[in-house]
Amino acid sequence: MRDIWVLFSQAILLLLVVVLPPVEAQSAELDGLIEPYMVANVGSGVRGIIETVDVDRGDFVKKGQVVATLQSGVEKATRELARIRAEMETTIESKEAQLAFSERKKKRYEELYKKETIPFGEMDEAETSRMMAELELQEARDNKRLAELELQRTTEVLERLTIRSPITGVVVERFLSPGEFVEEQPIFKIAQIDPLNVEAIVPVELFGSIRAGMQAMVRPEAPVGGEYTAKVKIVDQVIDAASGTFGVRL
């Protein structure tokens with residue numbers, strides 16, 4: 001199927017379909033068209049200036065492959081800052097040491113208070129210091145969690161500036177180049193050509209004799225030639241009265 005696309009860069013090719021109905025019926029030779037399985041206009045989810053274009057017309061791409069990027073200097077710097085904040089452990093370690101010290105101090109003051117060597121106020125102050133150290137440690141942990149979420153957010157923002165192919169296929173057209181501003185218009189048109197669809201126009205006399213799951217032989221015209229096996233996927237249930245035909249997709 002790839003050879004067909006190499007020879008014909010557009011998505012339409014005349015062909016001959018030989019449908020193989022049940023044994024009791026005769027084969028039917030039908031004209032039709034070969035088309036891509038899917039065509040996607042690939043653009044950007046955000047506005048921006050195109051920085052790189054990594055593929056061009058005629059190139060084959062895989063699903064998820066980077067095909068273009070937008071300018072992202074500010075976003076990269078923001079993500080790096082968020083990454084450093086998310087990886088910082090010194091604040092938490094400092095608060096953990098402060099809490100441990102406050103707990104030891106409170107324990108000593110409790111023993112002294114039981115022996116009536118210090119007033120209640122000093123013992124209460126030690127307990128309050130311990131509680132404050134505990135809250136400060138929790139605050140440091142919360143801040144680290146917020147920094148991790150900020151890193152995740154900035155990573156997602158940066159990812160939106162990276163344009164990937166949603167399908168595996170061939171680039172049919174490239175509309176924009178580096179330095180151009182992209183808003184809502186597509187940057188590429190990409191066609192999925194594995195598998196290929198075959199759209200056949202069938203006379204009404206064969207209505208009911210062709211069903212989903214049947215096989216057919218597809219014989220492309222020259223210079224492609226050859227013979228390919230296809231399977232009926234869709235049989236239209238509405239007949240076009242003007243032409244006396246209905247559609248079949250293989």
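This is a guided tour of a predicted model, moving from the whole protein to its helices and then to a few single residues.

**The whole protein**

Begin with everything shown as a cartoon, where you can look for the 4 helices and 13 strands of the protein. If you then colour the protein by burial, 32% of its 250 residues count as buried. Among the contacts in the protein with a separation of 6 or more, 66% are accounted for by residues 24 or more positions apart.

**Helix H4**

Next select residues 120-160, which make up helix H4. With 41 residues at 1.5 Å a residue, H4 should span 60 Å, and this agrees with its end C-alpha atoms, which are 60 Å apart. Now show the side chains of the buried residues of H4, which are Met123, Ala126, Glu127, Arg130, Ala133, Leu137, Ala140, Lys144, Ala147, Thr154 and Leu158. As you follow them along the helix, keep in mind that an α-helix has 3.6 residues a turn, so residues three or four places apart point the same way. What covers the buried residues of H4? The cover includes H2, H3 and strand E6, residues 162-164, and the next stops take the two helices in turn.

**Helix H3 against H4**

Keep H4 on screen and add helix H3, residues 90-114. The axes of H3 and H4 come within 8 Å and cross at roughly 160°. Because angles over 145 degrees count as roughly antiparallel, H3 is roughly antiparallel to H4. Where H3 passes H4, the crossing is left-handed, and the residues of this contact divide into 10 nonpolar, 4 polar and 12 charged.

Looking at H3 by itself, you can repeat the check on length: its 25 residues should span 36 Å at 1.5 Å a residue, and its end C-alpha atoms are indeed 36 Å apart. The buried residues of H3 are Ile92, Leu99, Ser102 and Lys106, and the buried residues of H3 pack against H4. Then step past the end of this helix to Glu116, which follows H3 and has a positive phi, near 60°. Most residues other than glycine have a negative phi.

**Helix H2 against H4**

Now hide H3 and select residues 73-87, which form helix H2. The axes of H2 and H4 come within 8 Å and cross at roughly 155°, which makes H2 roughly antiparallel to H4, and this crossing is left-handed. To see the contact, show Glu75, Lys76, Thr78, Arg79, Ala82, Arg83, Arg85 and Ala86 on the side of H2, together with Lys144, Ala147, Glu148, Glu150, Leu151, Thr154, Thr155, Val157 and Leu158 on the side of H4. By class, the contact of H2 with H4 has 6 nonpolar, 3 polar and 8 charged residues.

Within this contact, centre the view on Thr154, which lies in helix H4. Is Thr154 buried or exposed? Thr154 has a relative accessible area of 3%, so it is buried. Leaving aside its neighbours within four places in sequence, Thr154 is in contact with Thr78, Arg79 and Ala82.

**Val182 in strand E8**

Leave the helices and select Val182, which is found in strand E8, residues 181-182. Val182 is buried, with a relative accessible area of 0%. When its neighbours within four places in sequence are left aside, the residues in contact with Val182 are Ser44, Val46, Arg47, Gly48, Ile50, Leu70, Leu176 and Ile187. If you add Ile49 to the selection, you will have two residues that are 133 residues apart in sequence and 6.1 Å apart in space, C-alpha to C-alpha.

**Val55 in a loop**

Then move to Val55, which sits in the loop between strand E3 (48-53) and strand E4 (60-61). Val55 counts as buried at 6% relative accessibility. Not counting residues up to four places away in sequence, Val55 touches Val61, Gln65, Val67, Val171, Arg174 and Phe188. Val170 is a further residue to select, as Val55 and Val170 are 115 residues apart in sequence but 9.9 Å apart in space, C-alpha to C-alpha.

**Last stop: Pro195**

Finally, select Asp194 and Pro195 and look at the bond between them. Which kind of peptide bond joins Asp194 and Pro195? The bond is a cis peptide bond, with omega about 5°, whereas most peptide bonds are trans. Pro195 has its place in strand E9, residues 188-203.

Notes
Residues are numbered from 1 along each chain as its sequence is written. This is a predicted model: local features need pLDDT of at least 70, side-chain atom pairs count only at pLDDT 80 or more; totals for chains, interfaces and linings use all residues. Side-chain values use heavy atoms; hydrogens and water are left out. Axes are lines fitted to C-alpha atoms, for helices over the stretch in contact, and angles run from 0 to 180 degrees between N-to-C directions. Angles under 35 degrees count as roughly parallel, over 145 as roughly antiparallel, 65 to 115 as roughly perpendicular and the rest as oblique. A crossing is left-handed if the near helix is turned anticlockwise from the far one by less than a right angle, and right-handed if clockwise. Ala, Val, Leu, Ile, Met, Phe, Trp, Tyr, Cys and Pro count as nonpolar, Asp, Glu, Lys and Arg as charged, and the others, Gly among them, as polar. Contact means heavy atoms within 4.5 Å. Buried means under 20% relative accessible area, exposed over 50%, partly exposed in between (1.4 Å probe, protein chains only). The expected span of a helix is 1.5 Å times one less than its number of residues.
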